[in-house]
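Q: Please walk me through one helix of this model in detail, from its start to what follows it. I would like to know how it sits against its surroundings, and a few words on backbone angles elsewhere would be welcome too.

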Amino acid sequence: MAAKSVQTASDPPAGDPKHAARATRSAGREMRSRLLDGASRLFRERGLAGTSISDIAAAADAFPSQITYYFRTKEALFVEAACRDMLYAARAAEQATLSAHTPRDYTRALVESVTATDSVAFFAEALTLTRRRQDLAPLVERTIERLHSEGLRAYASQIERHGWNTLRDPDATSRRFWAVAIGVMVEGYAMGRSADELSREMLRVLGEQATAKSAGDSRLSVAR
């Protein structure tokens with residue numbers, strides 16, 4: 001006599017609506033991620049005008065209709081890809097500072113990480129695009145606020161960890177860093193500067209932002 005199959009709580013029936021909804025959402029997230037990955041690479045290589053929806057669909061092994069379904073327009077996909085890459089670059093920069101023990105080393109690690117990628121220039125193009133497409137501005141605004149809030153959190157953590165004394169308000173320091181990064185890199189790319197040249201220029205413009213606590217000094221000190 002054949003054994004009856006036993007259904008467990010962890011194995012929902014195939015027709016369970018909740019299970020189907022979860023599977024659909026998971027597949028949707030995976031497809032969006034694939035489209036963003038493919039679009040990011042092509043937009044970086046060819047720019048917005050030089051990249052077609054068909055190109056992106058082929059790179060992501062998807063259909064053109066899926067791009068319009070998830071993102072509506074090529075421009076919306078461009079902005080979302082640029083914003084995502086910018087946040088990835090910020091996260092990588094934060095990781096690069098973890099071994100820094102002085103304010104100067106901390107700033108240098110941030111700068112070298114950011115100038116080693118073209119994510120900032122990509123994001124700057126998205127900023128320019130939203131000037132003509134105000135419907136896309138909210139995503140850029142949220143990205144900028146996230147850059148500032150996460151930058152502030154990371155910087156404040158370093159101040160507390162090392163006993164540094166910031167020379168400016170920490171929030172202003174975080175906001176100033178990204179403003180300088182965008183300005184220097186947009187200008188640098190336009191003038192054909194190398195990553196090393198961009199790094200030196202950013203360090204020059206940023207200057208000392210904090211001072212480290214000297215021996216026997218009970219006060220917090222930092223320089224960035």
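**A close look at helix H8**

A: Happily, let's begin at the start of H8, where a side-chain oxygen of Asp169 comes to within 3.1 Å of the backbone nitrogen of Asp171. Please keep in mind that this is a predicted model. The helix itself runs over residues 170-190, 21 residues in total. From its first C-alpha to its last, H8 spans 30 Å, close to the 30 Å expected at 1.5 Å a residue.

Now for the sides of the helix. The buried residues of H8 are Thr173, Ser174, Phe177, Trp178, Val180, Ala181, Val184, Met185 and Gly188. Looking down the axis of H8, you will find these buried residues within an arc of 160 degrees, so they line one face of the helix. The face turned away from that buried side carries Ala179 and Ala190, both exposed.

What lies over the buried residues? The cover of H8 includes helices H4 (74-96), H5 (103-115), H6 (119-132), H7 (137-162) and H9 (195-206), together with strand E1 (165-166).

Trp178 is a good place to zoom in. Leaving aside residues up to four places away in sequence, Trp178 touches Met86, Ala90, Val114, Val120, Leu147 and His148. Trp178 is also among the residues with the most contacts inside the largest nonpolar core, a list that it shares with Leu77, Val114, Phe177 and Met202. That core has 50 residues, and H4 gives the largest share of them, with 11 residues. Both Phe177 and Trp178 belong to the buried set of H8, while Val114 appears in the core list and also touches Trp178.

Just after H8, the backbone offers one more detail: Gly192 takes a positive phi of about 70 degrees.

Since you asked about backbone angles, two residues away from this helix are worth a visit. Arg72 has a positive phi, near 75 degrees, although Arg72 is a residue other than glycine. You will find Arg72 in the loop between H3 and H4, where Arg72 is exposed, with a relative accessible area of 55%. Asp61 is not a glycine either, and its phi is positive at about 55 degrees. Asp61 sits in the loop between helix H2 (53-59) and helix H3 (64-71). With a relative accessibility of 64%, Asp61 counts as exposed.

Note on methods. Residues numbered from 1 in each chain as written. Predicted model: local features only at pLDDT ≥ 70, side-chain atom pairs only at ≥ 80, totals over all residues. Heavy atoms only, no water. Helix = DSSP H or I, 4+ residues; strand = E, 2+ residues; numbered from the N terminus. Expected span 1.5 Å × (residues − 1). Buried < 20%, exposed > 50% of the residue type's maximum accessible area, 1.4 Å probe, protein only. Arc of directions from axis to C-beta. Contact = heavy atoms within 4.5 Å. Polar contact = N/O pair within 3.5 Å; in protein donor to acceptor, adjacent residues only side chain to side chain. Core = buried A, V, L, I, M, F, W, Y, C linked by side-chain atoms within 4.5 Å.
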